Amino acid sequence: MFTRKFERRIYIAAAVVVSSLTIGVSFGTYALWPANLEIGYQPAQPIEFSHAIMAGQFKIECIYCHSRAEQSAHATIPPTSTCMKCHTEIQTKDARGAVKANIQKLLKYWEEKTPIPWEKVYDLADFVYFDHSRHLTAAAKLDCVDCHGKVETMDRVERVYSLKMRWGLDCHMEPPPAGSPPWQKTRAPIHCSTCHR
Amino acid sequence: MKPERPEVLAPPSEVSRRTALQLLAASAALAAAPGCDRKPYRRIVSMAETPEYQHPGEPLDYASTWTEGQVPYGMMIRTLDGRPVKVEGLPGHPLNRGASTAAMQAAILSLYDPGRPRFPMRGGSRVTWAEVDEQVGEALRAARSVVLITRATLGPAERSLVKRFLAACPVARHFVHETVHDGPRREAWRTAYGRDGALRPCLERAKVILSVDADFLGTDGAVLEAIAGFAANRVVGEGARGAESLSRLYVAESAMTVTGSNADHRIPLRPSASLALVEGLRAALAGDRGALDRLAAQEGLDAKVLEGLAQDLAARRGEALVLAGSHLPPAVHAAVCLLNDEIGAPGATLEWSDAAPALAVDAPEAISAALAGGVDVLLLLGVNPVYDWPGGGFEELLSGAGLSVGHGLFADETVGACALSLPSSHNLESWNDAQALAGVRSLCQPVIAPLHDARQEAESLLVWTKLLAPGDAGLAALADWHDYVRAEWLGGVLAGAADARLAWEDALRQGVVGAPERAAVPPLRRSEAEELARGPLERTEGGLELVLLPHHALFDGRFAHSGWLQEFPEPVSKLVWDNALALGPATAARLALAEGDLVEVRAEGRAVTLPVLVQPGVARGVAVATLGHGRRALGAAREGGGSNAAPLLGRGAAPRFRPEVQISCAGGSRRLVRVQKTFDMHGRPIVLHGTRADYERDPRFVRERLHAPAHAQLHGEYDYSLGHKWALAVDLGACVGCGACMIACQAENNVPVVGKEECALGREMHWLRLDRYEGGDPENPHVYQQLMACQHCDNAPCESVCPVNATAHSPEGLNEQIYNRCVGTRYCANNCPYKVRRYNFYHYVKRNLSDALQELAFNPRVTVRSRGVMEKCTFCVQRINEVKFRLKTAGTESIPDGAIRPACAQACPAGAIVFGDVNDPESKVRAAGASPLAYRVLEELNVRPAVFYLARVTNPHPDAAAAAPPAGHGGPR
């Protein structure tokens, strides 16, 4: 039907299309698989702890558990003893009258004095040095939700920003707030050693 | 004028370098699939309960005492998340006042050393401590003879425990073994003053100092205190201080030492002539110059310098001080006591302390005699005689013991040879106390739970004492060594406190209690001193005199396991990972020996093979070897080389001075690695210096020696007028070149160890180095030292050649190196005129890691670099950010001067390094910059460094000025 030369071209084209589709689909699947996402990363936790209940329903302040956020580089994950401040008393029962499974898990960790191995949702590379206190106090005055999203609506915490350098720089490069010292040309410093050292 | 190649200077038109790179990166990113860069999943684990005061990632400092060295210094240990990460000097300790030594800084590395033994062993198999105690207890109860050997540096609590042990075990005898000690000096003091104690030099009050072979700024005595006192009188131009406040240092020495490198007049002198020098000076003070002239003629010394020295000692009565090296025979020390008395030193520049920090050392002959017939139990606590026994051969004495018990931090030569090998806890895991000076007591507390199944030596001795004295109710009430130390303190130093618990906790928090008791020097017993000082000293005619000195970093070998200290360039020779026999150029030429030639050194039948090091400044007819190398059983520093010089140690009053040794060619050679290849300034104005006369003629004399022509500025100017502008000033007059800053920097900034082979290729990684230049007569050179690190230039040559913008300029004047962006072209290092950039040719960190434990030694606040990345001094930007962030969070923009201190400045005992903000009108660094002595290195290149130096002003005797450094352009060649 076609010349042999043209036929060969069709075969080559078909091979290219098929192989690129295969590669594209497999890479795409990998990339969009929830566990591999930057934004939308939502790992399962050892205890199905719901921020929607604690922060949303009961309106417990973030700082009650993440207590060093305003003083330190790390917001800190609370020690189990913080959970036990309430859960020594509050041990809700399920329909069958047993203490709820998640609270049972917590009590077990507490009795054995074993640390709870939470999965890290917000993680930075080791060469990036982020300081919570700088972002929450003084001139910056950000809110937790500005970077972590509406955690009070999340049953299982999900990452809402990429934490890429560009994302951070975009914020730092905004115009300085009123009342900033005269040398401040951007909202926050943008030289390398601000975050890298 | 038209530029020759206009296209080079024209601004980029269409595609800039940056855009091109972005396009390249974008296509690379397209080639890979998006989203593939998820980082490894990690966990965040909180504690079940948090200890009081401890918050994740926030430092907690503990006061403690460094007990590993010859002198107990106050130590402040920074812990992060429960693990110690950095050691600093304790600011409140009167001896070291916040400064630290290289070995002290390296305590962090030895704590996490993977070579530390993990559990007690008997005959090669693991045993429990209970089994150990049972065996030792039984052996002690049944023994007819017991010998206990310890170090001299036991604290007061340990000394009291030893007494109780001896009381409980009447057949036991206690001996003290050290190779480096000041026994000859203390013997002379005991004779001259009739009591045991120590003379303390007050260098801050001394205007004329004569050191007779005493390396008091290097390894002899409480060097941190000495450096601070000495440096205080070597600074001019600061505030109202004129040149008249300068002290004058004469050093008559056999070896070339750190002290000699700082001398105004250096007199190369063999040790056997040191007594003649002191006696000659005494005669000269009494009006008879004959002896000095004869000595000058006989030894080939500069008679003018000796005359100047005699004049100065006579003229500056009450402000002069003479010190003699601890290795010299007692006769010299007795003569020095007499000389000091005659120049009015006691009470003025000398004080007395009844409490010597160390125990008196026993003669090896006495220990040998006690061990000769074989003892039932031999307890070796923290000593390593198999390695360092004078003359060697401790193994035979050890094998004669019924039960030998070795207790040490490492399974060293001795511990490994004992029947019971017991691991000791580290200094940072131990309870202890110390008495550095009369009236000053300090506490040592653990800052981490023991990492291994180890126990500290005192704890073991306490358990064994309890086993021997089951009826002792006082002892039975004390559960452990902590209780013992606490009870000692509550019954002693803290006795009478209203609330014992509070007093104890207060003492722990401060780390040190009391103030130095200023005691008058007892009256000199002249006839006894004269009797002891009777010469002449034994001397050789044909052979060489040998001096055995402790190594500047490894000391007597106790720190040889430390990679940091093995790779620490010895301040004089810049030798790493090795030791050698140092000979002066004339001596080496006479013996036809070249550097690296192996020679056999023989003394009384013992021979040691060492490579030759040709060291300008070593006196004629003298050979110098350092102790501390050639350890066979090492920890992580497996490459540790060198030869053990301890078999050459003599017996008798002064074992580290051998009046006669023979050397012969052993054939072959060993490659000696010195990290500095040339010691010549090649006539360039690198280290600037002048004499007091130069300074008095024109305080701005350094300007004459620089030629910084007006330059056209190619770069845009940085505007630092607002905000901070960081700068560092180094006072070359105060810096003595001890090198504590180098190890402090290494500890703070995770600088890796690379090993001898890599050092030989010039790949050492030290961010901070000490350059040393020698000029003048090679037999007695003038020495100029200079701390060199990244100069943080404004017109930084490195920044303009980086193709990926991995090195950039901060608005606060820092030259930043961004590791994650660096691709390792090394253009920057090539273009750096100061050669301070360091490149990771291998993944040195990973290469050194053999155990996860080692990772705990890293400072988590500084990125650990991997292979293919350039690195260099950052001005400790992590410390700048820490302070700045803390203050900003508290709502203030202004940073008080001195709040930020880089690791080097914090460690420096001389206070020679000042860091600060030049925009702060009150800052010290700004004042230093305004000094007439301030200059920048290679100013003519117009790179505009942020580091500046204050020229050194020496103070030679005006009549002997010919021997002083020539004051020409750029210094001597």
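Student: What makes strand β15 (residues 377–381) of chain B mostly covered?

Tutor: In this predicted model, five of the five residues of β15(B) are buried. A residue earns that word if 20 or more other C-beta atoms lie within 10 Å of its own.

Student: How do you know which residues of β15(B) are covered on each side?

Tutor: V377(B), L379(B) and L381(B) are on one side, with L378(B) and L380(B) on the other, and all of them are buried. In a regular strand, side chains alternate between the two faces of the sheet. Both faces of β15(B) therefore count as covered, by the burial cut-off of 20 C-beta atoms.

Student: Why are β7 (residues 146–150) of chain B and β15(B) called paired?

Tutor: Pairing asks for at least two bridges, and these strands have five, so they qualify; they run parallel. One partnership to look at is V147(B) with L378(B).

Student: What makes β15(B) and strand β16 (residues 403–408) of chain B a pair?

Tutor: Five bridges again, in the parallel sense, against a requirement of at least two, so the term fits. Here L378(B) stands opposite S404(B).

Student: How do you know that β1(A) pairs with strand β1 (residues 43–45) of chain B?

Tutor: Three bridges join them in the antiparallel sense, and at least two are needed, so they pair. E119(A) stands opposite R43(B) there.

Student: What makes up the contact of chains A and B?

Tutor: Chain A gives 41 residues and chain B gives 41 residues. On chain A, α1 (4–32), α4 (80–87), β1 (117–119) and α6 (132–136) each supply at least two residues of the side that touches chain B. That side has 19 nonpolar, 12 polar and 10 charged residues.

Notes
Residues numbered from 1 in each chain as written. Chains lettered and ligands numbered in written order. Predicted model: local features only at pLDDT ≥ 70, side-chain atom pairs only at ≥ 80, totals over all residues. Contact = placed C-beta atoms within 7 Å. Helix = DSSP H or I, 4+ residues; strand = E, 2+ residues; numbered from the N terminus. Nonpolar A, V, L, I, M, F, W, Y, C, P; charged D, E, K, R; others polar. Buried ≥ 20, exposed ≤ 12 C-beta atoms within 10 Å, placed from the backbone.
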